[in-house]
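Visitor: I should like to look closely at a single part of this protein. Please describe one strand together with its neighbours, and set that part within the whole.

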Amino acid sequence: MPAVTDTGFVEMRLRKVVGIGSADGDISSVVVLHGVSEDRHLQIQIGQTEAFNLSCTLTGVEFARPMSPQFAVGLLHALGGRIRQVRIDRLMPVAAGGTAYCATVEVEGATGVELVDARPSDALNLVALVPAPIFVARDVLAEAERQGDSAEAALLRRALEAEQMTVRQVHPDR
């Protein structure tokens, strides 16, 4: 069976999660992926809750109770499963005229290997907690690079230079 990298995918790793302010005062949360063996990158705008969870994981913030990604990983392990890989493998048109990234999580369990459809933000939150490779389809990368000089593309490019979003726990006695 050919390797994913032989069939049109680039292996990438989570680099950071950032918050980028726009001219109208809105804050966009962006996850940045960087190529493992190729100098490629992909920036994906994600929801604030997913960005918060991912940032906490990447910066080592822990909570007394599990957040949704920790809960999902706990369920997966309780059922004897593991994540084999995450693929950001396609784009889907959205109502506003843009596109959304789609992901597939390859899960191995007692019944064999299953492919689970996911939002990239959810899939990346899982893979931040358990060791598994991330692959991005070359055609998805090519489409991201074709975005040109649109306002959204400019905002996403700013994510490459921005610092990792940090979350700090505040103690009531301080």
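Guide: This is a predicted model. Its radius of gyration is 17 Å, which agrees with the value near 16 Å expected of a compact globule because the protein has 174 residues. The C-alpha trace spans about 50 × 50 × 35 Å along its principal axes.

Within the order β-β-β-α-α-β-β-β-α-β-α-α, read from the N terminus, the part chosen here is strand E2, which covers residues 27-35. Of the 9 residues in E2, 7 are buried, so the strand is mostly covered, burial being defined as under 20% relative accessible area. For the protein as a whole, 40% of the 174 residues count as buried.

On one side of the chain order stands strand E1, residues 9-21, which pairs with E2 in the antiparallel sense over 9 bridges. In this pairing Ser28 of E2 lies opposite Ile20. The hairpin of E1 and E2 has 5 residues between the strands, and there Gly25 adopts a positive phi near 90°.

Strand E3, residues 41-46, also pairs with E2, in the antiparallel sense and over 6 bridges. Here Val31 has Ile44 in E3 as its bridge partner. The connection from E2 to E3 is a hairpin through 5 residues.

Beyond this part, the protein comprises in total 5 helices and 7 strands. Among contacts between residues at least 6 apart in sequence, 59% join residues at least 24 apart. The accessible surface comes to about 10,100 Å², and carbon and sulfur atoms account for 53% of that area. As for charge, the mean positions of the 16 positive and 22 negative charges are 3 Å apart.

Key:
Residues numbered from 1 in each chain as written. Predicted model: local features only at pLDDT ≥ 70, side-chain atom pairs only at ≥ 80, totals over all residues. Heavy atoms only, no water. Buried < 20%, exposed > 50% of the residue type's maximum accessible area, 1.4 Å probe, protein only. Helix = DSSP H or I, 4+ residues; strand = E, 2+ residues; numbered from the N terminus. Pairing = 2+ DSSP bridges. Rg over C-alpha atoms; globule rule 2.2 N^0.38 Å. Contact = heavy atoms within 4.5 Å. Areas by Shrake-Rupley, 256 points an atom, 1.4 Å probe, with all protein chains shown as cover. Lys, Arg positive; Asp, Glu negative; His and termini not counted. Charge placed at Lys NZ, Arg CZ, Asp CG, Glu CD.
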